[in-house]
Amino acid sequence: MKLLAGLSLLSIVPPSLCVPTASLYQVNDPTKVEQPLIKLKPQQNPLRELVSLDGLWKFALASGPNDTAQPWTAPLPKGLECPVPASYNDIFVDRKIHDHVGWVYYQRDVFVPKGWSKERYLVRAESATHEGRIYVNDHLLAGHVGGYTPFEADITDFVAAGEKFRLTIGVNNELTHETIPPGEISVGEFTGKRTQTYHHDFYNYAGLARSIWLYSLPRQHIQDITVVTDVDGRNGLINYDVKVANHTNGQIKISVIDEDGKTVANASGAHGTVKIDSVKLWQPGAAYLYQFQANIVDTHGKVVDTYSLATGVRTVKVSGTKFLINDKPFYFTGFGKHEDTSVRGKGHDQAYMVHDFQLLNWIGANSFRTSHYPYAEEVMDFADRQGIVVIDETPAVGLNIALLGLSGGESQTFTPEGINNNTQAAHKQAIRELISRDKNHPSVVMWSIANEPASQEDGAREYFEPLAKLSRKLDPTRPITFANVGMATFEKDRISDLFDVSCLNRYFGWYSETGDLAEAEVALEKELRGWEEKFNRPIIMTEYGADTIAGFHSVLGLPWSEEFQTQMLDMYHRVFDRIGSMAGEQVWNFADFQTTIGTMRVDGNKKGVFTRDRKPKAAAHGLRARWTNMDTRD
Ligand code: BDP
């Protein structure tokens with residue numbers, strides 16, 4: 001299949017307007033209702049092989065939306081090499097690459113192992129921010145819109161086992177008013193230079209920030225597993241559903257194996273319930289994981305595929321003003337985080353991941369929110385193993401024109417030219433992909449479907465009601481929420497009743513009552529009491545904080561100083577301790593992080609309790625004293 005005709009079409013139409021036909025490749029087209037599920041994270045076991053394609057890849061920028069060079073149909077020029085995983089923006093000392101808007105190409109040669117002739121084999125990209133395409137030699141095999149969830153291409157029919165092929169991954173970083181997150185591209189009046197603008201407060205890092213895999217699957221294979229756990233007295237229940245592909249004969253067998261390697265339960269059939277006697281629960285701070293092992297066994301009793309899913313047995317519920325994990329009230333302590341480090345940008349990095357979790361433990365944090373997008377799957381697996389509780393968020397951030405200060409109070413967000421039906425369709429797809437990828441993680445206790453949307457505006461309810469419904473349909477077991485913005489006060493917000501927990505982001509003392517903590521304390525308490533009276537349900541402060549320059553001190557406790565950050569957090573905590581329905585506090589932010597540089601931001605957002613290289617600011621010690629002495633389980 002030569003794609004020259006298709007490619008020349010792509011070359012003259014701006015990528016965001018280009019809708020390749022299904023015959024070219026399977027696109028995760030957000031406007032289509034039926035979507036392929038995100039397949040299970042690849043794993044290595046006796047019947048599945050896994051080859052990491054991480055490393056240095058050849059790299060080139062497309063020369064623009066009218067680029068006719070078609071670099072993906074040929075070897076990329078020698079020269080630039082880019083590490084994978086990493087965002088490309090800060091790797092090179094080149095402003096053109098840093099500021100690039102549009103497609104870039106990554107390329108490398110890959111061998112399909114000789115022994116895979118009876119298997120199916122796939123290339124999986126854990127993410128391509130924000131749109132990705134996988135090419136095998138000259139063939140465009142897969143495309144995906146959405147920068148923080150995986151997609152893959154089945155390459156079996158294009159390359160034989162033992163052969164070499166040229167793998168090219170195209171990545172486009174453009175955001176429009178119909179993408180999640182949204183953005184706009186402006187064109188310089190005099191230079192014609194294209195610039196990406198957006199409404200979210202973190203840098204639009206792009207590229208292949210997570211791993212790329214080549215992996216094999218038996219022809220008959222397990223495509224997806226869903227587990228939902230419950231507790232019955234001293235016993236644990238795992239309700240499960242296993243989806244298989246090309247399944248012709250034989251049966252599905254399930255075993256549950258404990259941490260000592262002992263099989264504690266068995267079942268057969270593609271769905272059902274397994275019971276674990278005297279279960280060891282997955283608890284915050286005390287993770288316990290069973291291996292839920294699904295096997296396809298053929299009519300001769302031979303296992304033809306197997307997949308092992310780490311499963312924690314726990315329940316989650318909202319009851320009155322309490323957030324219950326395993327029927328006990330849980331109080332969230334921790335942070336909103338970002339995937340952000342210097343040089344790598346949003347590149348997943350094991351060393352930073354482990355170190356960040358060490359710091360969470362040191363400071364007494366029991367949770368974080370994946371603000372403002374789904375994090376690498378490795379992070380979710382690690383949270384499961386470490387017993388850290390996660391509020392899992394979609395990339396729907398910046399659905400709020402008023403935050404830019406441009407609306408003059410008018411309802412301008414939800415309009416045909418702004419956040420519209422197509423944006424909503426993309427948002428639905430982002431919810432589907434998040435839940436489909438992360439539904440089995442015991443660490444995930446709640447879905448956050450957006451951050452700071454204009455929930456006080458006309459159109460918000462029409463936009464959000466179907467999204468809340470969809471989330472509940474996809475996962476009836478977990479509470480849902482969104483992070484509410486300060487201007488959508490308890491009096492003005494129009495959508496909170498669609499959700500289970502009031503997650504509030506508030507900046508009294510920083511963006512309002514700046515530097516006046518006495519005034520801020522009264523305003524904060526008034527607002528929290530308003531939410532408490534109106535909803536009588538758990539409130540989690542999902543953002544509060546102050547920009548703080550590490551090493552900047554003020555005996556007067558003035559804003560930007562380490563003293564101010566400490567005093568401001570203390571003030572919030574005094575108020576929280578007076579409000580009965582508080583169910584958690586997550587400081588903004590765990591660490592300083594990069595943003596677009598503008599008049600408001602000097603080398604990024606400095607609200608970190610740790611610096612970007614993870615050194616504690618003074619406030620870290622205060623938080624540690626509070627959280628390590630707090631009983632968060634009642
Ligand atoms: C909130 C946003 C967050 C920002 C933060 C801030 O949710 O992404 O970084 O404010 O201004 O509005 O620091």
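Here is a short chat between a biologist and a modeller about domains, helix pairs and odd backbone spots in this predicted model.

Modeller: Before we start, this is a predicted model, where local features need pLDDT of at least 70, side-chain atom pairs count only at pLDDT 80 or more, and totals for chains, interfaces and linings use all residues. Residues are numbered from 1 along each chain as its sequence is written, and side-chain values use heavy atoms, with hydrogens and water left out.

Biologist: How far apart do the C-alpha centres of domain 1 and domain 2 lie?

Modeller: The bounds come from an automatic or database domain assignment. It gives domain 1 as 35–217 and domain 2 as 221–314. Between their C-alpha centres the distance is 34 Å.

Biologist: How much area do domain 1 and domain 2 bury between them?

Modeller: Start with the contacts, meaning heavy atoms within 4.5 Å: 9 residues of domain 1 touch 12 residues of domain 2. Buried area is the accessible area (1.4 Å probe) that two parts lose on being put together, summed over both. Here 59% of it is on carbon and sulfur atoms, and the total is about 1000 Å².

Biologist: On to helices α5 and α6: are they roughly parallel or roughly antiparallel?

Modeller: Helices are DSSP runs (H or I, at least four residues) and strands are too (E, at least two), numbered from the N terminus. Axes are lines fitted to C-alpha atoms, for helices over the stretch in contact, and angles run from 0 to 180 degrees between N-to-C directions. α5 (residues 421–438) and α6 (residues 460–474) pack at about 20 degrees, with axes 10 Å apart. Angles under 35 degrees count as roughly parallel, over 145 as roughly antiparallel, 65 to 115 as roughly perpendicular and the rest as oblique, so α5 and α6 are roughly parallel.

Biologist: How many nonpolar residues are in the contact of α7 with α8?

Modeller: The axes of α7 (residues 517–535) and α8 (residues 562–576) come within 10 Å and cross at roughly 35 degrees. Among the residues in contact are Leu524 and Leu528 of α7, plus Met568 and Phe576 of α8. Ala, Val, Leu, Ile, Met, Phe, Trp, Tyr, Cys and Pro count as nonpolar, Asp, Glu, Lys and Arg as charged, and the others, Gly among them, as polar. The split is 3 charged, 1 polar and, for nonpolar, 10.

Biologist: Which residue does a cis peptide bond join to tryptophan 588?

Modeller: Omega is about 5 degrees at that bond. The partner sits in the loop between β33 (582–588) and α9 (618–628). It is asparagine 589.

Biologist: What is the phi of arginine 614?

Modeller: Arginine 614 is also placed in the loop between β33 and α9. Its phi is positive in a residue other than glycine, with a value near 70 degrees.

Biologist: Where is aspartate 327 found?

Modeller: Aspartate 327 has a positive phi of about 65 degrees although it is not a glycine. Its place is the loop between β24 (322–325) and β25 (328–329).
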